[in-house]
Structure formats: C-alpha cells, structure tokens
Amino acid sequence: MATPRWAYLLTYGGLVVFGIIAVIVGVPSIDLTTPDGYRPIWAGFIMVSGIVSAVGLMGHWHTLERWGVLFLVAFTSAYVFAIAKLALQGDAGRQALAVILIVVLIFPASRYLVLVARGRRRVLRHDPGVTRADRT
Amino acid sequence: MLTELEPILWPLVTLVVGIAGKGIFDLITARSVGSVAKMPTVEQIWARLDKVEASLSRVTTDLSTVRRVFRSYVDRVQRGGKTDLTDDERAALDETENHQEAKR
C-alpha cells in the first residue's frame with residue numbers, strides 16, 4: 001500500500017548528491033538557459049530541500065517533508081524544463097505541451113509506484129461462505 | 001504563455017501549482033487547516049464519524065470472512081482434504097498481508 005521509505009530516502013539523498021555535483025562540475029543546460037550565478041543558488045535549493053525532505057521523512061514530520069518535497073520537485077523539474085527549452089528552441093507550443101505532459105504524468109507515475117509497492121495481491125471480492133470450502 | 005516566462009520563474013510556477021493543488025485538495029476534502037481557521041460544522045463531524053464507522057465495519061467484515069475461510073481450510077485438511085489453497089483462500093491470505101502493511 002505504501003511505497004517503501006528507503007526508496008524515498010534514496011531519492012532524496014541522490015538529489016542532494018546531484019546538487020553537490022551541480023555546484024562542483026556544473027550543469028551546461030542550466031548555464032545556457034539561465035543568467036550567470038543562478039546555478040549555485042539553484043543547486044543550493046536542491047541540496048537544502050533534499051536534506052529537509054530526508055529529515056522530515058526520518059522524523060515523521062509530514063508538513064516539513066511536504067514543503068521539502070515541493071521545493072525539491074520545483075527546482076529539480078527546472079532542469080527538465082531547461083532541457084525541454086534547449087531541445088525545442090523557439091517552438092513555444094511544443095514546449096508548453098512538454099511541460100503540461102510532465103505535470104499530468106505525475107498522477108500515473110505515483111499510482112504506478114503505489115501499485116509496485118502493493119505487489120500482486122488478490123482481493124476478496126465476495127463472501128466465499130463455509131459451505132463452498134466444505135465441498136472441496 | 002507558460003513558455004514566455006523566464007527560466008528562473010519555472011520553480012516558482014511549480015511551487016504555486018503545488019500549493020494551489022494542496023489548497024484545492026483541502027477544500028474538496030473539507031479538511032480543517034487549523035481548528036480555528038476552519039471548524040467543521042456539526043453535520044460534517046457526524047458525517048466524518050459515519051465514514052470512520054463504515055470503514056471500520058468493512059475491516060471487521062473482511063477480518064471475519066478471512067477467519068472463516070481459514071477455519072474451513074483447517075477443517076478440510078483435518079478431514080483429509082487437499083492442502084492446496086483455493087482461490088478464495090489465497091485471496092484471504094493476501095488480505096492479511098494488506099492489513100499487516102497498513103499497520104506500518
């Protein structure tokens with residue numbers, strides 16, 4: 001029913017590492033689409049919100065984790081938008097479509113994770129009764 | 001219009017969409033943000049209690065069904081029947097796993 005917590009923790013930790021790499025090595029897509037000096041701030045937001053999300057997850061502070069995850073998604077998805085802008089340079093309609101698709105796909109993606117965590121389980125849809133089992 | 005925005009504003013757009021989404025969700029579910037900010041009416045409190053009662057009674061029914069299926073399984077095996085699980089018994093077994101998971 002619930003996605004395992006270690007999977008979330010792994011994701012948050014991975015994004016923090018991604019933020020550190022973005023500061024040290026650099027992210028060309030972000031550098032090309034944003035003004036100078038924006039990348040460290042952007043990566044800093046990813047790192048801080050990743051740490052906040054992990055702390056909220058570990059401490060069961062759901063409000064804290066909710067805010068952390070929102071900022072994490074907001075700043076990490078900016079990278080996806082930057083790639084979309086570079087790939088579809090000048091084609092505003094397609095870029096808008098890409099952004100809308102990403103937003104819409106959040107629901108099927110989260111549903112997929114829930115179903116993966118749930119596993120292949122049968123559900124009792126009717127009352128089998130005693131007599132039926134007795135006959136077998 | 002969305003693409004006219006500067007890239008710096010992209011995170012802000014996502015933040016606004018996320019916060020607005022939570023606000024809409026709270027409005028739909030009529031969840032109180034704080035007991036002072038939005039106190040449920042008496043009818044809403046009774047409706048909530050009915051909801052809780054309904055879901056609890058569903059769990060109880062499921063549980064008694066599962067228990068009866070297992071009892072009939074034990075009876076069958078004791079009488080020298082097959083130990084292979086039928087589809088219903090499998091479903092009952094899976095049902096216990098679901099509840100175990102919900103416990104956390």
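Start by selecting A:Ile46 and showing its neighbours. Leaving out residues up to four places away in sequence, A:Ile46 touches A:Leu15, A:Phe18, A:Gly19, A:Leu72, A:Phe75 and A:Thr76. Keep in mind as you click around that this is a predicted model.

**Stop 1: the core around A:Ile46**

Now add A:Ile30, A:Trp42 and A:Phe75 to your selection. Together with A:Ile46, they have the most contacts inside the largest nonpolar core, which has 21 residues. Which elements give two or more residues to this core? They are helix 1, helix 3 and helix 4 of chain A, along with helix 1 (9–29) of chain B. Helix 4 of chain A brings the largest share, seven residues.

There is another core to look for, lying apart from that one: it has five residues, and B:Val66, B:Val69, B:Ala91 and B:Ala92 are among them.

**Stop 2: helix 1 of chain A**

Select residues 5–24 of chain A. That is helix 1, with 20 residues, and it reaches 29 Å from its first C-alpha to its last, close to the 28 Å expected at 1.5 Å a residue. Colour A:Tyr12, A:Leu15, A:Val16, A:Gly19 and A:Ala22, which are buried. They sit on the same side of helix 1 of chain A because they cover an arc of only 120 degrees around the axis. Now spin the view to the other side of this helix, where A:Trp6, A:Leu10 and A:Ile24 are exposed.

What do the buried residues of helix 1 of chain A pack against? Show helix 3 (38–59) and helix 4 (62–87) of chain A, and you have the partners. Before you leave, click on A:Gly26, which follows helix 1 of chain A and has a positive phi, near 100 degrees.

**Stop 3: a set of rings**

Next, show the aromatic side chains. Over all chains, a search of the whole structure finds eight aromatic pairs. Zoom in on one of them, A:Trp42 and A:Tyr79: the ring centres are 6.1 Å apart and the planes are at 65 degrees, so this pair is edge-to-face. A:Trp42 lies in helix 3 of chain A and A:Tyr79 in helix 4 of chain A, so the pair ties together parts that are 37 residues apart in sequence.

Are these two residues buried or partly exposed? A:Trp42 has 0% relative accessibility, so it counts as buried. A:Tyr79, at 23%, counts as partly exposed, because buried means under 20% relative accessible area. Add A:Phe18 to the view too: A:Phe18, A:Trp42 and A:Tyr79 form one aromatic cluster.

**Stop 4: helix 4 of chain A**

You've already met this helix as a big giver to the core, with the largest share. Select the whole of helix 4 of chain A: it has 26 residues and reaches 37 Å from first C-alpha to last, close to the 38 Å expected at 1.5 Å a residue. Its buried residues include A:Glu65, A:Gly68, A:Leu70, A:Leu72, A:Phe75, A:Thr76 and A:Phe81. What covers the buried residues of helix 4 of chain A? Turn on helix 1, helix 2 (28–33), helix 3 and helix 5 (92–104) of chain A, then helix 1 of chain B; the cover includes them.

Two residues are worth a click here. A:Val73 is found in helix 4 of chain A, and at 39% relative accessibility it counts as partly exposed. Draw a distance from its C-alpha to that of A:Ser49: they are 24 residues apart along the chain and separated by 9.2 Å.

Then hop to A:Gln95, in helix 5 of chain A. With 7% relative accessibility, A:Gln95 counts as buried. From A:Gln95 to A:Ala84 is 6.3 Å, C-alpha to C-alpha, while the two are eleven residues apart in sequence.

**Stop 5: chain B**

Finally, select chain B. How many helices and strands are there in chain B? You'll find three helices and zero strands. Buried residues make up 19% of its 104 residues.

Try colouring chain B by pLDDT. It averages 79, and 79% of the residues score at least 70. Among the elements of chain B, helix 2 (residues 42–78) has the highest mean pLDDT, 88, and helix 3 (residues 87–103) the lowest, 71. Where pLDDT is low, the predicted coordinates should not be read in detail. For the complex, the predictor gives an ipTM of 0.71 and a pTM of 0.68.

Note on methods. Residues are numbered from 1 along each chain as its sequence is written. Chains are lettered from A and ligands numbered from 1 in the order in which they are written. This is a predicted model: local features need pLDDT of at least 70, side-chain atom pairs count only at pLDDT 80 or more; totals for chains, interfaces and linings use all residues. Side-chain values use heavy atoms; hydrogens and water are left out. Helices (H or I, at least four residues) and strands (E, at least two) are DSSP runs, numbered from the N terminus. The expected span of a helix is 1.5 Å times one less than its number of residues. Buried means under 20% relative accessible area, exposed over 50%, partly exposed in between (1.4 Å probe, protein chains only). The arc is that of the directions from the helix axis to the C-beta atoms. Contact means heavy atoms within 4.5 Å. pLDDT is the predictor's confidence in each residue, from 0 to 100. A nonpolar core is a set of buried Ala, Val, Leu, Ile, Met, Phe, Trp, Tyr and Cys residues joined through side-chain atoms within 4.5 Å. Rings of Phe, Tyr and Trp (its six-membered ring) pair if their centres lie within 6.5 Å; planes under 30 degrees apart count as stacked, over 60 as edge-to-face and the rest as tilted.
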